[in-house]
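Me: I've got a protein model open and I'd like to quiz myself on how it's put together. Can we go through it step by step?

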Amino acid sequence: MIWRPSTLRGRLIVWYTGILSAMLALLAATSVVLLDHGLRNNVDDSLNTVARTIAQSARRPFFFDPEFEDSLQSMLGPELAERFFQLLDPFGRPDPRLAPRKRSRLSLSAEAMENAKRGHATFETVRIPAGSEKQFRLLTLPVVRDGATVNIVQVAMSLENVKATRASLLLVLLVLAPLALAGSALGGWFLARRALAPVDGMVEAARRIEAEDLTKRLPAPSGGDELGRLAAVLNDMLARLERSFDAARQFSADAAHELRTPLTILKGEIEVALRSSRAPAEIQQTLVSCLEEVDRLNSLVEDLLLMARMEADALGTRPSPVNLTDVLGDAAPALHELAAKAGNICTVAAGPALWVDGYESLLFRLIFNLAENAIKYTSSGGRIEVTLERQDGLAVLQVKDNGPGIAPDALEHIFDRFYRSDPAREGSGTGLGLALVRSIVQLHHGQIRVSSEPGRGSCFRVTLPLAAGPA
């Protein structure tokens with residue numbers, strides 16, 4: 001299984017380091033091969049120079065005088081001149097002119113002998129003595145006079161220096177390559193972080209953009225690069241979405257406003273018809289049902305109009321200090337009565353005065369809607385608890401119940417407009433209660449969270465920033 005980084009920055013660093021590793025490995029291998037080839041060529045050139053010098057000297061009558069020995073030792077070194085040089089006759093035997101010396105006998109291969117007969121030099125890599133670990137470079141050079149081979153010169157030089165130099169280079173590469181890779185990975189991380197820093201800023205800005213507030217835009221990096229063009233495209237998309245949402249909100253507000261008058265007239269006419277004693281009982285029952293539906297439609301229209309005003313920041317008044325404890329106390333009698341009708345018990349507990357900046361009527365609606373929702377979905381004999389307290393500089397309102405709870409797949413949708421998690425209750429309410437609650441919480445710069453477990457009830461938790469009380 002191949003490990004793959006989960007972030008773009010990590011993948012860039014891995015790819016960058018991997019490519020650099022391959023390039024360094026290729027460079028190191030090329031360097032070692034070229035160095036080895038160059039050193040061996042230098043050895044061959046040295047052997048060729050020495051062998052030709054010896055071949056030219058062999059033509060003189062006094063070939064092995066002391067002066068020549070001194071010259072040869074200065075060229076090859078005393079040890080090499082003594083051990084790795086020999087002069088042979090055309091048949092590969094030691095030259096009879098050569099004084100007996102204690103020296104290692106250099107091997108003459110059949111290929112070298114055959115090349116010598118044709119007047120060609122031969123380079124070989126041999127072991128001296130045979131079977132040992134040390135390698136030598138051996139040159140077999142014929143001495144040609146009047147088109148005939150008169151002598152064969154053999155010169156050998158050790159390759160230990162070549163091997164030692166190559167090993168030193170490999171050691172340096174093995175030590176420096178990891179350091180270079182670590183440095184390049186660190187540099188790649190720095191460059192990737194700097195290059196992708198605008199992306200992090202765009203991500204954070206995008207997280208703060210919600211459907212209720214599309215006026216914010218992503219920061220566009222300067223320079224007109226790819227990230228700048230991406231930010232510009234996304235900002236254009238946000239602008240189009242903002243216009244679409246504004247049009248939808250305006251349509252909802254206009255539709256709600258236009259529906260208020262005909263619904264009011266319809267309600268009045270139904271009430272007048274109900275007050276007439278001439279209508280049969282069946283018709284009166286139908287009129288009562290119609291009146292209930294008209295009241296429900298009126299409530300729906302009022303909720304839609306209120307939400308549209310909040311989203312457009314067109315409530316007409318400015319927020320003021322509100323004692324949330326008093327608001328909860330005002331809502332308590334209605335909640336007790338509502339719970340009693342449903343056969344439940346609703347307890348309301350509040351501490352000292354907690355002041356927030358906001359709208360008293362909307363905060364009342366917030367508390368009432370949450371508690372009403374809990375009462376509505378809790379079976380008879382259940383218990384609903386409404387508490388208000390101060391925690392870490394925040395006003396915390398909690399509404400708990402021991403009802404059936406909310407399914408996990410419905411938790412993320414319960415604040416959506418017209419969403420009902422219980423199909424059996426399709427006809428109850430307007431489907432805007434919790435959506436309106438969330439809008440009120442956001443208008444007051446607060447947060448709302450819900451936790452629920454099927455069969456064990458639910459808990460809605462609202463936090464609102466505290467404010468100073470009235471002067």
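Me: Which residues have the most contacts inside the largest nonpolar core?
Reply: Keep in mind that this is a predicted model. Its largest nonpolar core has 39 residues. Inside that core, the ones with the most contacts are Leu-363, Leu-366, Leu-370, Val-386, Ile-448, Phe-460 and Val-462.

Me: Which helix gives the most to this core?
Reply: Several elements supply at least two residues each: helix H8 (324–341), helix H9 (360–376), S8, S9, helix H10 (433–443) and strand S11 (458–465). The one that gives the most, with 9 residues, is H9.

Me: What does Phe-460 touch, leaving out residues up to four places away in sequence?
Reply: Phe-460 is one of the residues with the most contacts inside the core. Among the residues it touches are Leu-370, Leu-397, Ile-406 and Ile-414. Others on the list include Asn-373, Gln-398, Phe-415, Leu-434 and Ile-448.

Me: How many residues are in the second, separate core?
Reply: That core includes Leu-47, Ile-54, Leu-139 and Val-155. Its residue count is 16.

Me: Is Leu-324 buried or exposed?
Reply: Leu-324 sits in helix H8, and its contacts include Leu-354, Leu-363, Ile-367 and Leu-464. Buried means under 20% relative accessible area. Leu-324 comes in at 3%, so it counts as buried.

Me: What separation do the C-alpha atoms of Leu-324 and Ile-367 have?
Reply: Along the chain, these two are 43 residues apart. Leu-324 still touches Ile-367. Their C-alpha atoms are separated by 9.7 Å.

Me: Do S8 and S9 run parallel or antiparallel?
Reply: Start with the other pairing of S8: strand S6 (residues 345–350) pairs with strand S8 (residues 383–391) in the parallel sense over 6 bridges. There, the bridge partner of Cys-346 is Ile-384. With strand S9 (residues 394–401), S8 is joined by 8 bridges, and one bridge pair is Leu-388 with Leu-397. S8 and S9 run antiparallel.

Me: Which residue in the turn between S8 and S9 has a positive phi?
Reply: S8 and S9 form a hairpin, with 2 residues between them. The turn residue with a positive phi, about 50°, is Asp-392.

Me: Which residue with a positive phi follows H10?
Reply: H10 has a run of buried residues, including Leu-434, Ala-435, Leu-436 and Val-437. After H10 comes a residue with phi near 60°, namely His-445.

Me: Is Cys-459 buried or exposed?
Reply: Compare it with Cys-290, which is partly exposed because its relative accessible area is 34%. Cys-459 has 12% relative accessibility, so it counts as buried.

Me: How many disulfides are there?
Reply: To count, a pair of cysteine sulfur atoms has to lie within 2.5 Å. By this rule the number of disulfides is 0.

Me: Which strands are at the edges of the open sheet with the order S1-S4-S3-S2?
Reply: This sheet has 4 strands with antiparallel pairing. An edge strand here pairs on one side only. That makes the edge strands S1 (85–88) and S2 (122–127).

Me: Which helix packs on this sheet?
Reply: Inside the sheet, strand S3 (residues 135–145) and strand S4 (residues 148–158) pair over 10 bridges, and Arg-145 has Ala-148 as its bridge partner. The packing helix covers residues 8–57 and touches S1, S2, S3 and S4. Its direction makes about 35° with that of S3, and its name is H1.

Key
Residues numbered from 1 in each chain as written. Predicted model: local features only at pLDDT ≥ 70, side-chain atom pairs only at ≥ 80, totals over all residues. Heavy atoms only, no water. Pairing = 2+ DSSP bridges. Core = buried A, V, L, I, M, F, W, Y, C linked by side-chain atoms within 4.5 Å. Buried < 20%, exposed > 50% of the residue type's maximum accessible area, 1.4 Å probe, protein only. Contact = heavy atoms within 4.5 Å. Axes fitted to C-alpha atoms, helices over the stretch in contact; angles between N-to-C directions.
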